[in-house]
Amino acid sequence: MGNPELEAAELDTAQPVRILVYSDNPQTRTAVISALGPRPHPDLPPVEYTEVATAPVVVQRLDAGAADLVILDGEATPAGGLGLARQLKDEIADCPPVLVLTGRRDDAWLADWSRAEAAVPHPLDPFELGSAVIGLLRTKSS
């Protein structure tokens with residue numbers, strides 16, 4: 001068994017996980033960030049969020065390697081997150097994992113089409129969103 005105090009100190013000094021949250025709706029971005037909080041799981045490093053309201057800025061940020069995980073609102077306008085996810089997977093070398101927020105649970109097939117690694121429907125369930133994000137971050141780090 002390790003020293004829990006030392007392990008906690010190591011986590012606190014870990015490089016933060018960078019999550020980019022895209023939606024044209026500031027309330028949606030706030031809901032995502034509030035649901036996940038500053039550290040979605042004690043075993044993961046703290047999170048640094050970047051809020052983005054337009055698709056061109058999402059592409060620009062990912063071209064620069066500015067995210068470890070991307071959360072895209074499938075209901076955003078004029079560029080929906082589902083089409084943007086597919087574009088990112090086609091155009092960004094080493095694209096980070098993508099989670100899309102779908103309009104409803106039945107839209108999960110659209111998330112498959114978009115090549116997103118995960119999908120969570122509106123209205124957001126903080127537990128479902130947190131579980132999906134934790135799973136993607138653990139997969140990415142392993």
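The following exchange looks at how certain labels are earned in this predicted model.

Reader: What kind of model is this, and how are its residues numbered?
Author: This is a predicted model, in which local features need pLDDT of at least 70 and side-chain atom pairs count only at pLDDT 80 or more, while totals for chains, interfaces and linings use all residues. Residues are numbered from 1 along each chain as its sequence is written, and side-chain values use heavy atoms, with hydrogens and water left out.

Reader: Why is Asp68 called buried?
Author: Buried means under 20% relative accessible area, exposed means over 50%, and partly exposed is what lies in between, using a 1.4 Å probe and protein chains only. Asp68 has a relative accessibility of 17%, so it counts as buried.

Reader: Where does Asp68 lie, and which residues does Asp68 touch?
Author: Asp68 is found in the loop between H3 and E3, where helices (H or I, at least four residues) and strands (E, at least two) are DSSP runs numbered from the N terminus. Leaving aside residues up to four places away in sequence, Asp68 touches Pro16, Val17, Arg18, Pro96, Pro97 and Lys140, a contact being heavy atoms within 4.5 Å.

Reader: What makes Arg18 and Asp68 a salt bridge?
Author: The term requires a side-chain nitrogen of Lys or Arg within 4 Å of a carboxyl oxygen of Asp or Glu. In the pair Arg18 and Asp68 the closest N and O atoms are 3.1 Å apart, so the pair forms a salt bridge. Arg18 lies in strand E1 and Asp68 in the loop between H3 and E3, so the pair ties together parts that are 50 residues apart in sequence.

Reader: Why is Arg18 called partly exposed?
Author: Its relative accessible area is 27%, a value that falls between the two cut-offs, and therefore Arg18 is partly exposed.

Reader: How do you know that Asp43 and Arg138 meet in a salt bridge?
Author: Their side chains come to 3.5 Å, N to O, which is within the 4 Å that the term allows. Because Asp43 lies in the loop between helix H2 (26–36) and E2, and Arg138 in helix H6 (residues 126–141), this pair ties together parts that are 95 residues apart in sequence. Asp43 is exposed, with a relative accessible area of 52%, whereas Arg138 is partly exposed at 37%.

Reader: Which residues are linked with Arg104 in a network of salt bridges?
Author: The network links Arg104, Asp106 and Asp107. Within it, Arg104 forms a salt bridge with Asp107, their closest N and O atoms being 3.3 Å apart. Arg104 is partly exposed, with a relative accessible area of 47%, while Asp107 is buried at 11%.

Reader: How do you know that the buried residues of H3 line one face of the helix?
Author: The buried residues of H3 are Ala55, Val58, Val59 and Leu62. Seen down the axis of H3 they fall within an arc of 95°, so they line one face, the arc being that of the directions from the helix axis to the C-beta atoms. The face turned away from this buried side carries the exposed residues Pro56 and Gln60. What covers the buried residues of H3 includes E1, strand E2 (47–52), E3 and H4.

Reader: What puts the buried residues of H4 on the same side?
Author: In helix H4 (residues 81–91) the buried residues are Gly81, Leu82, Leu84, Ala85, Leu88 and Lys89. They cover an arc of only 160° around the axis, which puts them on the same side of H4. Their cover includes strand E1 (17–22), helix H3 (55–63) and helix H5 (108–114).
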